Structure formats: structure tokens, C-alpha cells
Amino acid sequence: MLADPETTTGGLTAAEAAARSAVVSVRAYQVSLDLTELLETDVFSSRTVIEFEYDGVGGPGMTWVDLVAAEVVAVELDGTTLDPDEVVRGNRIRIGPLGGRHRLDVVARQRTDVPGRGLSRSVDNQDVYVWTQFQPFDARRMFACFDQPDLKATFACTVRAPLEWSCVSNRVESSVIEDGDAAIWTFPPTVPLPTYATAVCAGPFHVVRSAGMALYARRSLAAPLERNAAELFALSRRGLELFEQTFGLAYDGDSYDHVFLPDQAGAMENHGCVTWNDQVIYRSEPTAEQRRRRALVLFHEMAHMWFGNLVTPRWWDGLWLSESFADWAAVWAGAELGVLDSRWSVAMALEKERATDADQLSSTHPVSRPVPDLAAAEANFDAITYAKGACMLRQLVEQVGEEAFLTGLRDYFRLHAGGNGSLAALLAALQPFAAIDLAAWSREWLESSGINTLSLRTTSEDGHYTSAVLVQSDPPRRHKLSIGDHLVEITGARTDIPALVGKPTADLLLLDATDATYALLRPDDAHTLIKTAHTLTDLVARSVARRTVRGLLRDATIPAADVVEYVARSLVTEKDLTQLKALTTLGADAAGPSAPPAQRESLERRLAGACLEALEAATGDHWLVLVEGLADFADELPLLDSLLADDLPQTIRWRLITRRVALGLADDTAAELARDHDPDAQWHAAAARAAAPTPEAKRAALDLMLTAPGVPVSALRSFGQAFWQPRQSAVLAGFPMRFLDRLPAFGEQAGWPAAQRAVLYAFPTVGITDAFLARAVDLDVPLLLRRALTDQAEQAARRRG
């Protein structure tokens with residue numbers, strides 16, 4: 001399968017979309033699908049009837065609809081047959097002359113040949129499941145449409161599917177009628193939606209229902225779906241109730257369903273039909289951290305029912321506002337509903353980490369910026385759009401106050417419900433509550449790129465400060481933050497802190513202990529921070545300290561060994577689960593890719609010792625997080641065996657099995673695979689085999705990873721971590737270059753998004769050379785993949801110092 005050329009050319013430009021929406025308004029789509037052939041092939045049929053109006057100036061005009069099809073069978077405009085050979089141009093159907101109200105009827109034969117785009121086909125134990133993923137420009141792969149976000153319309157559909165299949169769409173079906181060996185499902189019209197928020201999923205699903213809600217998963221996951229259902233229904237009900245009350249408008253669907261799928265890359269906010277990767281249907285008892293992450297995703301997608309579906313960005317330059325709002329709303333709802341212990345503690349700090357990492361790369365960009373075409377829009381699904389945008393919204397909330405922000409938000413939804421919104425419209429709704437000019441704030445924080453570094457410089461004599469200066473990198477912005485017990489506001493490149501002069505020197509002078517601003521923090525004394533940060537009693541302050549240490553490590557300004565010592569001390573005293581997990585992740589980075597190869601074994605042993613010490617007093621989920629840490633750090637077979645003898649979640653068992661294989665201590669992969677009844681257990685076993693310290697195992701694993709269709713997205717991150725073992729530098733020499741050698745062909749075969757995911761989740765972390773880094777940024781591949789390669793290469797270069 002060759003890559004879709006529109007992936008690299010953009011497919012639709014902002015200028016084209018604006019010109020089309022200036023003359024076209026769409027009333028309704030009626031889509032009929034025949035999916036019966038998908039039992040055996042990748043072919044399906046569609047018929048689309050579009051009711052629209054054309055309001056051009058100067059007499060009759062022309063426009064086009066978007067459609068990706070193997071064959072356009074028939075086109076009819078207002079009862080007049082048009083010759084497909086004459087009106088089809090690539091993936092567009094030219095129609096005209098136009099003026100006033102029209103009815104377009106298009107019949108096509110289409111394929112599910114681009115995984116994760118349009119209508120996709122997944123197979124599990126010979127069961128076939130089909131599902132949709134349309135954002136940003138792939139509704140056209142299932143039905144003929146005006147595929148841009150500002151041309152909203154109602155969506156109704158009928159689906160002819162095999163008799164044993166269930167179907168789900170954006171509304172509850174109005175009828176199901178048997179038709180021989182098939183059934184015809186009819187779904188009534190929705191409220192006006194952007195094309196990307198429509199959906200159809202079908203297959204022999206196991207379904208769990210509760211009043212007004214349903215959960216769908218492949219039937220091999222029937223038992224875990226039943227076990228997870230009560231929590232998912234409860235979270236959904238509580239979230240809908242909270243958002244309806246807070247946003248001032250009721251959810252406008254007749255059902256709120258979740259569809260869990262093996263090949264969905266993440267989650268998607270289809271209106272009333274949210275699709276997820278089915279790894280969140282936990283196969284064994286989930287940890288508190290897993291529950292927290294799942295709840296935040298659930299709230300994120302639910303927030304889109306208002307910000308995205310009810311009020312939709314006019315074009316993809318508004319993507320950041322929709323996604324940032326959903327990220328912010330998820331954390332806010334998590335705190336309101338008790339999913340998070342502290343609203344702006346570790347959860348928001350983790351968002352800030354993602355944002356600051358991305359903001360230091362050459363690919364950084366303003367949160368709000370022009371998006372000229374769809375290629376640029378696809379590249380915008382990144383940490384700046386999601387995480388930094390959410391951090392900026394938090395700042396906006398701080399500027400106007402939470403209650404005022406929510407009041408303005410209700411006005412915004414009320415004014416723009418059913419239509420399109422914008423940043424300017426949101427700021428206009430909030431400006432009456434703000435003491436500052438929000439347009440100026442937007443220019444400073446949203447419409448400029450990069451992140452400031454705030455460095456504290458002090459001098460002291462006889463145990464007292466004699467000077468204190470906070471230095472800000474360019475371009476300077478306005479920051480409010482704490483320095484120790486003092487609150488300061490800075491605007492320029494250098495700000496004296498007279499409140500500190502003459503005061504006794506502190507054991508630790510922590511910058512921004514309340515996590516109020518968005519900046520890289522550089523303390524006056526990193527050594528003191530390393531030694532004392534674990535003694536801080538406030539959770540937010542400990543989180544800021546950890547993020548500060550992490551930033552120093554990523555800048556290579558402190559040795560990895562110092563970071564390991566900080567983590568080891570903190571593991572023994574930390575009581576917050578999310579912070580504890582973040583500490584083990586930081587330790588794995590410091591003792592692994594960020595450490596000199598000769599030090600990695602001793603650093604891992606230091607962390608293993610700290611985990612064992614902390615285990616003595618740990619229980620429940622704290623105990624499990626520490627055992628997960630030992631799966632990264634322990635290297636003694638008796639210890640690993642003793643951990644496997646305990647009653648552990650299956651995912652942690654696989655991590656311990658993988659560790660034993662990686663160290664060459666034992667290989668119980670086959671026995672564990674026989675023990676594990678998860679339908680995806682084969683991929684855990686594949687990751688364990690990929691960890692083996694032999695060239696033969698690495699070659700086989702690389703073949704599996706970079707031969708279409710590749711490793712499923714749900715297993716790819718753990719597979720990549722297993723492959724690039726920190727202690728296997730000698731075995732892995734040369735494999736980074738082989739990874740790059742294979743990548744372009746893999747992108748051509750599996751699709752460029754699949755190749756991008758391989759880079760994001762399985763980029764080499766061991767055996768990095770200057771030649772490899774130079775080649776990584778010079779591969780001739782589409783923008784989507786080229787940007788991912790450049791970002792990963794820059795981060796790898798920073799780790800090397």
C-alpha cells in the first residue's frame with residue numbers, strides 16, 4: 001500500500017476551506033453503508049445524499065465535495081446524472097452550476113486500506129470489527145462530504161451489516177430489520193456536527209448497557225469489560241452531570257457510548273460514540289494510577305461534547321483551543337470529583353513537563369498560529385497544542401478567577417451553540433472579568449513560541465543573603481512566582497529580589513513552590529536541591545522540585561548520578577502515588593539513557609536498593625509502584641523470582657519476566673504466555689523476547705516492529721522500551737542505523753502515521769552516535785514523520801550532553 005499523496009500535500013488548504021464555506025452551507029447528510037463484504041475483504045459501499053445551499057455572488061457557481069473512493073459509481077445533482085469520468089478529479093467531485101438549495105447523491109465503492117483513517121477494519125480471532133477515525137480529514141474516506149469543521153450538518157445513516165454484528169453510531173438506532181443473512185440498522189439525524197465528529201462502528205461486539213449508556217468491546221474481552229463496566233458508567237454519569245451543571249447546557253445526545261477497539265491509536269470524541277484503544281479495559285485489577293489516567297481521558301473526551309462538538313473551531317488553527325480546553329477540563333473535573341487528590345498538583349505538573357519538553361525543541365511553535373493546510377494540521381497534534389495550551393488556560397483561569405471563568409464560558413457556549421467559535425470569541429466572553437487586557441496576554445503567551453528560563457542567582461556572607469537576582473531568558477514575559485516564602489512579579493530580563501537581602505540563608509530556596517508560572521526553573525544551588533528536596537512537606541512543592549531536577553538532567557547540567565541519588569532518597573519518603581510513579585520514571589531515565597553506559601549498572605542497583613527499602617513499609621498501590629520500579633532496576637534472580645511469587649497484576653508480571661530475559665537470567669516467556677489468558681498476551685511475550693541480549697533476538701524484533709502492519713499501538717511503547725535495553729550497548733551497536741534504514745519502507749507499507757508512532761514510542765535510546773543523529777534529521781520522508789524524527793533526535797542529543 002502506497003502512502004496517500006494528500007498526506008504530504010495537505011489535501012485541503014485554509015484558503016480553499018474559507019472560500020468554500022463563504023458560499024456553501026450544509027443542512028444534512030443521509031449516509032447508507034453496506035459493510036457485508038468486509039467479512040472477507042477490505043471493500044464496502046456507500047451512498048451519500050447531501051442537502052446543501054449555494055449562495056454565490058454573480059450568478060451560478062461551482063464547488064466540490066470530498067471523497068476518497070476506489071470507484072465513484074454514480075453522481076446525481078438535483079435529479080440530473082453527472083458522468084463520474086467528467087466530474088471526479090482525484091479525491092474531489094466537482095459539481096455545478098449551483099445556486100440556491102441542492103441535493104447531491106453519490107454512490108461509491110470504498111476500501112479500508114489506510115489503517116486508522118476513515119473506516120478501518122480490525123481482526124481478532126477471525127472476528128472482524130470496523131470503526132471510524134475521521135479527524136482531521138478522513139470522513140471523506142467513508143462518505144462524500146464537505147470535509148471541513150465549519151460546515152456542520154445533521155448526520156443520519158443506515159448500515160447493512162452481517163446479522164451477528166452490532167452497530168453503533170452517534171445516536172441510538174431507531175430500527176433494526178433482518179435482511180436475509182444481514183441486518184439493516186437505521187440511525188436518526190444528529191444535531192449539527194462537524195464531519196470529523198460523526199462515527200460508525202460495527203462488529204460482533206460484547207455489549208454492556210446501562211440506562212442511556214453502553215460499552216462495546218471485542219468479545220474476547222467480554223469478561224474484563226464486565227469487570228470494568230461499573231466504574232466506567234459511574235465516571236461517565238458523574239462527569240456528564242458535572243459538565244452539564246457547570247457549562248449551563250445539557251449534553252445534546254440521546255446516549256453516551258464508549259467503543260473500545262484494538263487498533264485505535266488513542267481516543268476520539270465522536271459525538272455520543274467515543275472510541276478508545278481497548279488497553280484501558282484492564283485485564284487484571286488496575287492500580288490507582290491506571291484508574292486516574294483512564295478517568296482523565298474519559299473526562300477529556302467528554303469535555304469535547306461541548307468544546308469541539310457543540311461549539312466547533314472554524315478551522316484547524318483552532319484545534320489547540322479545543323484540545324487544551326479538554327485537557328484543562330479533565331484535570332478540573334478530576335479534582336472536583338475526587339479522582340485527583342489535589343487539582344493542580346502532580347497531574348498538572350506532568351502536563352507541564354510534556355509542554356516544556358516540546359517547547360525547547362526546534363519544532364516548537366505558538367500555541368495559537370495559522371495552519372495553512374491539512375499537513376500542517378496533522379503536525380499540530382502535539383504537546384504544544386495539548387499540554388502547553390492546557391497550561392496557558394490554567395493561567396487564564398488564574399487571571400480572571402475560576403468562578404468568573406466558568407461564567408464567561410457559559411456565555412460563550414450559549415452564544416455559539418451549534419456553530420463555530422474562536423479564541424477571540426472566548427476572550428471577549430472573559431474580558432469583563434479580567435483586570436488585564438486579555439488580547440495583550442494572548443499575544444504574550446499564546447501567539448509567541450518558546451519558554452523562558454528563570455535562573456536565581458544569590459550571594460551570601462556570614463549566613464545572610466547579600467544579593468538576589470532572578471534572570472529571565474529572552475523574550476521576557478510577565479511571571480508571578482514564589483521564591484522561598486516571598487511572592488514576586490517580574491517582567492524584565494533581570495529582577496532584583498530585595499526581600500531576600502539580609503535574610504538568613506535558607507536550607508532550600510525553591511523557585512515557584514506553588515507551581516504558578518510556566519517556565520524552566522534553575523535554582524541558585526542545585527546541589528542543595530538534590531540533597532534536601534525529598535524533605536519538603538508540601539506535595540506541590542515536591543512536584544516542582546522533581547520537575548526542576550528533571551529539567552537539570554535533560555539539560556545535562558547535573559550528573560545522572562546526582563539525579564539517581566535524589567530519586568533514591570525520595571522513593572523512601574514519598575507518599576503520593578502519582579509523584580512516586582513520576583519518581584521511578586525519572587530514575588529509569590537517569591540510570592538508563594541519560595547515564596554514561598559504564599555507570600548504568602551501579603545506578604540501577606542504587607535505585608533497586610531504595611525500592612527495597614521503601615517496600616518494607618509500603619502497602620497496596622504504593623507497593624505495586626515500587627515493584628514496577630524493581631522491574632526496571634533489580635538484577636538479581638532470587639529477588640525477581642520472589643516478586644513473581646506474589647499476587648501481581650499481569651502487566652507487572654510481564655515487566656518482571658521481561659527484566660529476567662533482558663539480563664539473560666531466565667526465559668519463562670512461553671510459560672507465562674500459557675498462563676496469561678489475555679487475547680493480547682502475545683504482544684507482551686513479543687516484548688519480552690525483544691529484550692533478549694542477543695543479535696538474533698534484536699533482528700527478529702526489529703523485523704516485527706518495522707514490517708507492516710507492525711506492533712499494535714497499545715504494545716509499541718513497552719516493546720520499544722524492551723528492545724532498547726540500557727545495559728545492552730554492545731549488542732545494540734548498529735541497530736539505531738538499521739531502524740532508520742527500515743523506516744521509510746515501513747511508512748510506505750503501513751502508513752506514515754504508523755511510522756510516526758514507531759518513532760515516538762520506539763526511537764533508539766541506546767547506541768546513539770553523531771552519524772545516527774545526523775541521518776535521523778536528514779531522512780527524505782513526509783512532514784509528519786520528519787518532525788517526529790527531528791524532535792526525537794534533538795532530545796537524544798540533549799541527553800548525550
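pLDDT is the predictor's confidence in each residue, on a scale from 0 to 100. You'll want that in mind here, since what you have in front of you is a predicted model. The protein chain averages a pLDDT of 94, and 98% of the residues score at least 70. One stretch to treat with care is residues 1-9, where the pLDDT is below 50. Beyond near neighbours in sequence, that stretch has 24 contacts in the model.

Let's begin with some strands. Find β2, which covers residues 43-54, and then β8, which covers residues 100-111. These two run antiparallel and are joined by 12 bridges. If you'd like a spot to look at, Thr 48 stands opposite Val 106 in β8. Strand β8 also pairs with β4 (residues 71-77), again antiparallel, through 6 bridges. Here you can pick out Glu 71, whose bridge partner in β8 is Arg 109.

Carry on past the end of β4 and you come to Asp 78, in the loop between β4 and β5 (80-82). Its backbone is worth a look: phi is near 55°, a positive value in a residue other than glycine. Is Asp 78 buried or exposed, or something in between? With a relative accessible area of 42%, Asp 78 counts as partly exposed, because that label covers values from 20% to 50%.

There's another residue of this kind further along. Gln 126 has a positive phi of about 70° although it is not a glycine. You'll find Gln 126 in the loop between β9 (118-124) and β10 (127-133). Its relative accessible area is 77%, so Gln 126 is exposed; the cut-off for that word is over 50%.

While we're on the backbone, look for two cis peptide bonds. One joins Gly 96 and Pro 97, with omega at about 0°, and Pro 97 lies in strand β7 (residues 92-98). Another joins Asp 474 and Pro 475, with omega at about -10°. Pro 475 sits in a loop, between β24 (464-472) and β25.

Next comes a strand with plenty around it. Strand β11 runs over residues 154-162, and 8 of its 9 residues are buried, so the strand is largely enclosed by the rest of the structure. Which strands pair with β11? One is β1 (residues 24-34), which runs parallel to β11 and is joined to it by 7 bridges. In that pairing, Leu 33 has Val 159 of β11 as its bridge partner. Another is β14 (residues 182-187), paired with β11 in the antiparallel sense over 6 bridges. There, Cys 157 stands opposite Phe 187 in β14.

Now for some open space. The second largest pocket holds about 490 Å³. Its lining is made up of 17 residues, and those nearest the centre are Gln 395, Gln 399, Trp 441, Arg 478 and Lys 480. Sorted by class, the lining has 5 nonpolar, 4 polar and 8 charged residues. Where do they come from along the chain? Helices α9 (383-400) and α12 (438-445) and strand β25 (479-483) each supply at least two residues of the lining.

Lys 480 deserves a closer look, as it belongs to strand β25. Leaving out residues up to four places away in sequence, Lys 480 touches Val 488, Glu 489, Ala 516 and Thr 517. How far apart are Lys 480 and Thr 517 in sequence and in space? They are 37 residues apart in sequence and 6.3 Å apart in space, C-alpha to C-alpha.

Finally, two helices. In α16 (residues 577-591) you'll find Thr 584. Thr 584 has a relative accessible area of 4%, so it is buried; buried means under 20%. Setting aside neighbours within four places in sequence, Thr 584 is in contact with Leu 571, Val 625, Gly 629 and Phe 633.

The other helix is α27, at residues 752-762. Why can α27 be called largely enclosed by the rest of the structure? Because 8 of its 11 residues are buried. They are Trp 752, Pro 753, Ala 754, Ala 755, Gln 756, Ala 758, Val 759 and Ala 762.

Definitions and conventions. Residues numbered from 1 in each chain as written. Predicted model: local features only at pLDDT ≥ 70, side-chain atom pairs only at ≥ 80, totals over all residues. Heavy atoms only, no water. 1 Å grid on protein atoms, 1.4 Å probe; cavity = no way out; pocket = protein on both sides within 12 Å on 5 of 7 lines; lining within 4 Å. Points joined across faces, edges and corners; volume = space filled by probe spheres on them. Helix = DSSP H or I, 4+ residues; strand = E, 2+ residues; numbered from the N terminus. Nonpolar A, V, L, I, M, F, W, Y, C, P; charged D, E, K, R; others polar. Buried < 20%, exposed > 50% of the residue type's maximum accessible area, 1.4 Å probe, protein only. Pairing = 2+ DSSP bridges. Contact = heavy atoms within 4.5 Å.
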